[in-house]
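Biologist: I'm new to this one. Can you put it on screen and walk me through it?

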Protein chains: 2
Amino acid sequence: MKIRNDYTCPLEIVHDIIKGKWKTIIIFQMRSASVSLSDLEKSITGISQKMLLQQLNELRQFGLVDKENAPGYPLHVDYYLTERGQRILKAIEIMQEVGIDYMVEHQLTDILDQKGICYRK
Amino acid sequence: MKIRNDYTCPLEIVHDIIKGKWKTIIIFQMRSASVSLSDLEKSITGISQKMLLQQLNELRQFGLVDKENAPGYPLHVDYYLTERGQRILKAIEIMQEVGIDYMVEHQLTDILDQKGICYRK
DNA sequence: CCGTATCCGATCCGATACTG
DNA sequence: CAGTATCGGATCGGATACGG
């Protein structure tokens with residue numbers, strides 16, 4: 001992804017930052033600890049390795065995510081949220097609540113039960 | 001847009017809710033009052049009427065926005081955020097701060113000055 | 001002022017195969 | 001385990017024209 005420099009408002013950047021099918025989910029999965037690529041791949045249902053890598057790289061370009069190569073073999077890379085990434089995470093957590101709200105309203109709570117996500121009403 | 005019912009996690013819904021080039025901006029522009037279509041069109045640089053309508057309708061499907069036809073002539077329709085829309089707005093405001101942060105870091109503050117958006121550092 | 005329809009290029013993303 | 005490359009269908013969004 002080519003980084004632009006002709007943005008006309010801050011939310012235009014935000015769109016570039018979080019656009020794509022998987023970005024919010026990826027960020028959310030990094031909420032509590034740094035993770036390896038394969039950990040992420042396992043925890044996100046339906047994502048392909050290609051998309052995972054691609055979107056992680058875009059998140060890195062915007063400074064939300066960083067990575068660090070652990071020494072030794074087999075190869076191991078830790079991905080983690082930067083301070084900026086953690087700020088976006090706050091927003092994502094709020095939006096997730098709205099998503100849950102929507103699922104409750106539309107009787108889609110099976111998945112919530114299944115994943116052990118709590119909700120009320 | 002066809003509403004799905006096979007979501008596998010709340011953030012998948014969130015993605016459907018806010019995806020598209022203009023959704024976050026539209027929601028943000030409705031933050032303080034209900035607005036007419038033409039007001040929105042004027043306040044959002046670069047948007048076409050088609051996209052504005054389309055994305056407003058999607059927001060309505062997800063229950064973030066509602067509209068009300070004002071009586072009288074010429075026709076006038078008020079669009080406004082629902083309670084759910086206002087919750088998403090909270091998230092968008094946080095993300096906007098991150099966008100501003102990014103602009104400051106990349107010396108893109110001209111637009112901020114121009115729009116009278118305040119920032120520090 | 002409000003809303004819908006069509007055409008068409010640009011972009012996204014899934015599948016798949018391959019390298020270190 | 002980590003990462004790159006390509007191909008093709010689906011979707012997105014801009015331009016434009018038209019109707020209530």
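Biologist: How far is a phosphate oxygen of DNA strand C from an N or O atom in the side chain of Y79(B)?

Modeller: The distance is 2.8 Å. That is a polar contact (a pair of N or O atoms within 3.5 Å; within protein, one must be able to donate a hydrogen and the other to accept it, and residues adjacent in sequence count only if both atoms are side-chain atoms). Before going on: this is a predicted model, where local features need pLDDT of at least 70, side-chain atom pairs count only at pLDDT 80 or more, and totals for chains, interfaces and linings use all residues. Residues are numbered from 1 along each chain as its sequence is written, chains are lettered from A and ligands numbered from 1 in the order in which they are written, and side-chain values use heavy atoms, with hydrogens and water left out.

Biologist: Which other residues of chain B have a polar atom by a phosphate oxygen of strand C?

Modeller: K67(B) is one of them, with a side-chain N or O atom 2.5 Å from a phosphate oxygen of DNA strand C. V77(B) uses a polar backbone atom instead, at 3.3 Å.

Biologist: How many residues surround strand C?

Modeller: 20 residues surround it (each has a heavy atom within 4 Å of the strand). K21(A), K50(A), S38(B), K67(B) and Y79(B) are the closest. Of the strand C atoms within 4 Å of the protein, 58% belong to sugar or phosphate, and the rest to bases.

Biologist: Which element gives the most to that surface near strand C?

Modeller: α4(B) does, with four residues. Helices here are DSSP runs (H or I, at least four residues), as are strands (E, at least two), numbered from the N terminus.

Biologist: Now DNA strand D. Which residues are closest?

Modeller: S38(A), K67(A), Y79(A), K21(B) and K50(B). In total, 20 residues surround strand D. Sugar and phosphate make up 60% of the strand D atoms that come within 4 Å of the protein.

Biologist: What about phosphate oxygens there?

Modeller: One lies 3.2 Å from a polar backbone atom of V77(A). Chain B takes part too: a side-chain N or O atom of W22(B) is 3.4 Å from a phosphate oxygen of strand D, and one of Q55(B) is 3.3 Å from a phosphate oxygen.

Biologist: Switching topic. How many residues do chains A and B each put into their contact?

Modeller: Chain A gives 39 and chain B gives 39 (contact means heavy atoms within 4.5 Å). About 3800 Å² is buried between them, and carbon and sulfur atoms give 72% of that. Buried area is the accessible area (1.4 Å probe) that two parts lose on being put together, summed over both.

Biologist: Which three residues of chain A bury the most against chain B?

Modeller: L11(A), R84(A) and Y102(A), which supply 18% of the area chain A buries there.

Biologist: How many salt bridges are there between chain A and chain B?

Modeller: Six (a side-chain nitrogen of Lys or Arg within 4 Å of a carboxyl oxygen of Asp or Glu). R84(A) pairs with E105(B), with the closest N and O atoms 2.3 Å apart.

Biologist: Which rotation superposes chain A on chain B?

Modeller: One of 180°, with 0.0 Å of shift along its axis and an RMSD of 0.0 Å. The two copies are therefore related as by a two-fold rotation axis. The fit is by least squares on the C-alpha atoms of residues with pLDDT of at least 70 in both.

Biologist: Which C-alpha of chain A is nearest the axis?

Modeller: That of A91(A), 2.2 Å from it.
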